[in-house]
Amino acid sequence: AEAEQLARSLSENANSLGIKTSAVISHMNSPLGLAVGNSLEVIESIDCLKGKGPRELRELVCYQGAILLLNSGVVTTREEGINKISEVLDDGSAINKFGEMLEYQGVEKSVVNQLIEGDFYSVLKPAQSIKSIESRLSGFMDFVDAETVAVLAGRLGAGRVKSSDKIDHAVGILLKKSPGDWVEKGEIWVEIHHNTPLTEHDIDEISLSLKLVGDESAVMQRITKVI
């Protein structure tokens, strides 16, 4: 209710100034996409721009992009906008434009090519260790508790508590399953990319953050309302 109230307030203020504005309310119970952590998120974002990556991330990108095109008068329906965004993701236009943006900001052409071609770890530094976590139960993934994931990622060094803290760009958490996927007991559903030792508490916390349901139709939808 608070999110909807804030969204309406922001939209109404912007529209009153002549800026055609919409708000998309989406839940953040679970991380968006599969990657949490600097380098892991860079890789996932590039994959998305190449027409790959997690379906939920692509759906949200296409949906929000479509609303921007609709509000700008480029398209006449949301469906047409979704199709246009999907097209540029799949035909190489989006990733090529990303490459142009990097070069314009001073990134060397060779580095741009390595990133675009998927040679990520020639540019990005990988974590020293990867811990794979198996599911303790079977069921459809409903969500992974975002706060638990964020706190653990922060302890690994992926975020800051204060501005002077150094960020470890290599570490993070990589989900192997998306909401709605079936997860079998004993199946690996997440990886922890780390440069410092993990504790049993870390393992228990991330294991308990996985929320499963028995019915796929009970899985929470990411987008809850458009205003």
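Two strands count as paired if DSSP finds at least two bridges between them. Helices (H or I, at least four residues) and strands (E, at least two) are themselves DSSP runs, numbered from the N terminus. The structure is a predicted model, in which local features need pLDDT of at least 70, side-chain atom pairs count only at pLDDT 80 or more, and totals for chains, interfaces and linings use all residues. Residues are numbered from 1 along each chain as its sequence is written, and side-chain values use heavy atoms, with hydrogens and water left out.

**The chain as a whole**

The chain has 8 helices and 9 strands. Its C-alpha trace spans about 55 × 45 × 35 Å along the principal axes. Of the 227 residues, 39% are buried. Here buried means under 20% relative accessible area, exposed over 50%, and partly exposed in between, with a 1.4 Å probe and protein chains only.

**Strands**

One open sheet has 3 strands in the order β6-β4-β8, with antiparallel pairing. Its edge strands, β6 (182-183) and β8 (210-213), each pair on one side only.

Strand β5 (172-175) pairs with β2 and is joined to β7, as the table shows.

| Strands | Bridges | Sense | One residue pair |
|---|---|---|---|
| β4 (139-144) and β6 | 2 | antiparallel | Phe140 and Trp182 |
| β2 (35-36) and β5 | 2 | antiparallel | Ala35 and Leu174 |
| β5 and β7 (188-194) | 4 | antiparallel | Ile173 and Ile192 |

In a regular strand the side chains alternate between the two faces of the sheet. In β5, Gly172 and Leu174 point one way while Ile173 and Leu175 point the other way, and all are buried.

**Aspartate 181**

Aspartate 181 lies in the loop between β5 and β6. Its side chain makes a polar contact with the side chain of arginine 55, at 3.0 Å. A polar contact is a pair of N or O atoms within 3.5 Å; within protein, one must be able to donate a hydrogen and the other to accept it, and residues adjacent in sequence count only if both atoms are side-chain atoms. A polar atom of the aspartate 181 side chain also lies 2.8 Å from the backbone nitrogen of serine 178.

**The largest pocket and helix α3**

Arginine 55 is also among the residues closest to the centre of the largest pocket, together with Glu56, Glu59, Gln221 and Arg222. A pocket is found on a 1 Å grid over the protein atoms alone, as an open set of points where a 1.4 Å probe fits, with protein on both sides within 12 Å along at least five of seven lines; lining residues have an atom within 4 Å of a point. The largest pocket holds about 380 Å³ of space and is lined by 17 residues. Helix α3 (residues 55-71) gives the largest share of this lining, 7 residues. By type, the lining has 8 nonpolar, 3 polar and 6 charged residues.

Tyrosine 63 lies in helix α3. It counts as buried because its relative accessibility is 18%. Tyrosine 63 and arginine 78 are 15 residues apart in sequence, and their C-alpha atoms are 7.8 Å apart in space.

**Helix α2**

Helix α2 (residues 38-49) has 12 residues and reaches 17 Å from its first C-alpha to its last, close to the expected 16 Å at 1.5 Å a residue. The expected span is 1.5 Å times one less than the number of residues. The buried residues of α2 are Ser39, Leu40, Ile43, Glu44, Ile46 and Cys48. Just after α2, glycine 51 takes a positive phi of about 85°.

Note on methods. Points joined across faces, edges and corners; volume = space filled by probe spheres on them. Nonpolar A, V, L, I, M, F, W, Y, C, P; charged D, E, K, R; others polar.
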